[in-house]
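Here are my notes on this one, point by point. Have the viewer open as you read.

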Amino acid sequence: MARLQLRNLEKDYGGFKAVHGINLDVNDGEFMVLVGPSGCAKSTTLRMIAGLERVTGGEIRIGDNLVNDKAPGERGIAMVFQNYALYPHMKVRKNLSFGLRLKRRPKDEIEQATRDVSNILEIGDYLERLPKQLSGGQAQRVAVGRALIKKPQVFLFDEPLSNLDAKLRASMRVRITDLHKQLKADGLQSTVVYVTHDQTEAMTMGDRICVMKEGRIMQVADPVTLYNRPANSFVAGFIGSPEMNLMEADLADSTLSIGSQRLPLGSDVMARLSQMAAKRLTLGVRPQHFRVAGSDEAGTLAGKVSHVEFMGHEVYLYVKVEGSQVIAVVPSAQYDRSKISGDTVYLAPQSENIHLFDRVSGENISLAKLD
Amino acid sequence: MTDHALSTPLSVDREAEQILKAQRRRQIISATLRYGVLFSVGLVMLYPLIWLIGASFKPNSEIFAGAGFIPHEGTVAGYVNGWQTSTPYTFGRFFWNTFLIVIPKIIGTAISCTAVAYGFARFDFPGKKILFASLIATLLLPNVVTRIPQYLLFRDLGWLDSFLPLWVPSAFAGDAFFVFMLVQFLRAIPRDMEEAARVDGASTWQVLLFIVVPLLTPALISVCLFQFMWTMNDFLGPLIYISSVDKFPVSLALKLSIDTTEAFEWNRILAMSVLTIMPALIVFFVAQKYFIEGISAGGVKG
């Protein structure tokens with residue numbers, strides 16, 4: 001079993017604390033994505049798991065073994081680097097088999113493993129090429145192959161797709177997820193820890209996602225939960241595209257005051273608030289959860305359209321509401337073409353998709369009884 | 001109408017052609033001028049070498065007769081007699097001595113400097129900053145300052161009149177310049193490949209041997225070339241430490257033929273000089289590409 005456990009993991013760079021005692025369990029065969037903005041220590045965490053950074057505090061367990069003080073090569077891991085890190089002086093074949101040759105495996109075993117891996121990743125035609133003769137996508141496949149050939153307990157990916165162009169990135173995304181499924185189906189070790197700053201990658205690839213910020217874990221959950229039930233305003237703002245609209249709001253008598261505007265909350269919303277005491281809140285509504293309403297409707301926010309983006313099947317409306325920019329995504333069919341920049345629109349948030357966050361702690365207080 | 005339509009573009013064409021012609025003429029003139037200057041300066045720089053080669057084929061009487069380099073009565077007597085030398089040994093012996101110094105020195109330098117540079121460039125250890133600073137400080141120290149203490153040290157070790165004082169210090173990374181050069185080169189190489197190798201299970205020495213050394217090759221080649229040329233040309237070192245004629249390297253042997261011959265046989269000396277510079281010249285031209293790559297990457301970047 002290749003379970004990966006992080007217990008109170010810390011990293012201290014001579015006074016600067018990069019990782020603040022994080023706890024994370026990655027189950028056997030799970031595809032775990034670490035995501036967060038740059039500087040959130042996701043790569044540092046991964047490099048500690050790999051053994052490339054020394055652990056300052058806490059424990060890392062792979063399977064049942066404590067690996068804190070083990071060399072990277074003895075941990076049963078394989079890693080794919082952002083810029084591939086292929087050995088430039090070795091042909092693809094030698095790149096793939098480097099690890100096995102170091103372990104002095106028999107020649108025919110190495111030969112067989114190279115053939116298997118190159119079949120899976122369709123790199124058989126490039127085996128006799130040098131890395132500089134490969135395109136970005138090919139080089140990335142070789143890098144994945146170099147990890148695969150070792151049959152590690154845990155695969156580590158450090159932003160492997162960020163050097164590729166958008167189209168290639170999309171296809172590699174599918175390829176890596178398929179590969180993971182295939183390994184799992186074949187009963188092979190397939191635990192993955194995948195680091196990215198791209199939330200689309202995280203949402204599409206991860207079984208579970210660990211959102212990080214400044215060396216702390218913000219939330220660990222599957223993509224659907226993360227999207228529908230963000231634990232705090234950071235996760236809410238980070239996951240989803242375009243990002244969730246966050247507005248300062250004060251709560252009194254079941255009514256939110258946003259600047260000079262009033263937004264009465266339905267009893268359904270009030271029922272799921274966990275902390276009635278908190279009055280200073282942040283209102284969170286995803287752009288997709290707005291509806292363009294008539295001027296006479298209650299429970300709407302009025303604002304001036306600052307500009308309109310037509311995306312084909314939907315329209316992005318950029319609206320200034322009480323001085324803050326709000327984005328609403330509405331289906332093209334429902335959008336009144338006569339509304340242009342400068343016009344006033346009324347946006348009605350869907351009450352079941354309203355999130356309320358404590359403005360101080362950022363915690364989502366509207367999750368109670370939502371199940 | 002038609003005439004008019006045709007004649008206008010024609011005059012434009014003619015004008016354009018004239019401009020083009022003028023441009024081409026200017027280009028030719030400037031190119032001629034440029035190459036003329038380059039060629040003449042190059043010739044001035046190279047002339048002593050050309051003269052040396054020419055003069056080595058002249059008879060003694062002719063050498064100082066003029067500044068021209070083409071021999072009127074070409075002869076290889078200088079080479080034949082020069083090779084025999086005035087000692088019991090041929091010049092071949094001196095070449096052999098030189099290589100007995102050069103080869104261990106180059107191998108030692110390459111191995112020791114790589115290891116030391118790798119340590120400085122890739123590892124953190126206590127006192128690293130001070131050690132590196134003192135390494136750089138030795139770069140600035142004039143050689144002369146250490147000559148006498150070194151001499152006393154090697155005398156006490158009983159190494160006088162042997163090749164050891166000439167190559168052993170270099171085999172322990174004694175040439176700070178090469179260490180510095182390799183450190184600079186290594187700093188420009190991303191660490192990912194080494195990390196990938198560590199994840200692949202390589203030990204520190206395996207990483208050095210299988211990953212770092214191949215990446216360092218261009219810099220290492222220029223280190224070896226520098227060491228080769230400097231050692232070939234080193235005169236003072238052998239002069240101080242070597243006293244028996246049978247151990248003389250070529251640099252001393254050349255001087256020897258000046259000392260011992262009453263009437264200087266200049267063509268012998270010149271002929272042997274030509275032979276002496278040949279190895280360095282050949283090696284340089286063979287490895288020129290790597291040499292330049294090595295110094296430009298190591299010295300400028302960083």
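1. A cut-off first: a residue is called buried if 20 or more other C-beta atoms lie within 10 Å of its own. By that count, buried residues make up 28% of the 302 residues in chain B. Keep in mind that this is a predicted model.

2. Chain B is helical throughout its assigned secondary structure, with 13 helices and zero strands. Its C-alpha trace spans about 105 × 70 × 35 Å along the principal axes. The radius of gyration of chain B is 28 Å, whereas a compact globule of 302 residues would come out near 19 Å. Even so, looking at contacts in chain B with a separation of 6 or more, 74% are between residues 24 or more positions apart.

3. Now the interface. On the chain A side 17 residues are in contact with 13 residues of chain B. Which elements of chain A give two or more residues to that side? They are β6 (77-80) and α2 (92-102). As for character, the chain A side divides into 12 nonpolar residues, four polar and one charged.

4. Have a look at helix α1 of chain A, residues 42-50. Nine of its nine residues are buried, so the helix is largely enclosed by the rest of the structure. The buried set includes polar and charged names as well as nonpolar ones, among them A:Lys42, A:Ser43, A:Arg47 and A:Ile49. Just after α1(A) comes A:Gly51, with a positive phi near 95°.

5. Strand β4 of chain A (residues 57-62) has two partners worth tracing. With β1(A), residues 4-13, β4(A) pairs in the antiparallel sense over five bridges, and A:Gln5 has A:Arg61 as its bridge partner there. With β5(A), residues 65-66, the pairing is again antiparallel, through two bridges. In that pair A:Ile62 stands opposite A:Asn65. The β4(A)–β5(A) hairpin has two residues between the strands, and A:Gly63 takes a positive phi near 65°.

6. Another hairpin sits further along chain A. Strands β9(A) (residues 208-213) and β10(A) (residues 216-221) run antiparallel and are joined by five bridges. The bridge partner of A:Lys213 in β10(A) is A:Arg216. Which residue of this hairpin takes a positive phi near 45°? It is A:Glu214, in a hairpin with two residues between the strands.

How values were computed:
Residues numbered from 1 in each chain as written. Chains lettered and ligands numbered in written order. Predicted model: local features only at pLDDT ≥ 70, side-chain atom pairs only at ≥ 80, totals over all residues. Contact = placed C-beta atoms within 7 Å. Helix = DSSP H or I, 4+ residues; strand = E, 2+ residues; numbered from the N terminus. Pairing = 2+ DSSP bridges. Rg over C-alpha atoms; globule rule 2.2 N^0.38 Å. Buried ≥ 20, exposed ≤ 12 C-beta atoms within 10 Å, placed from the backbone.
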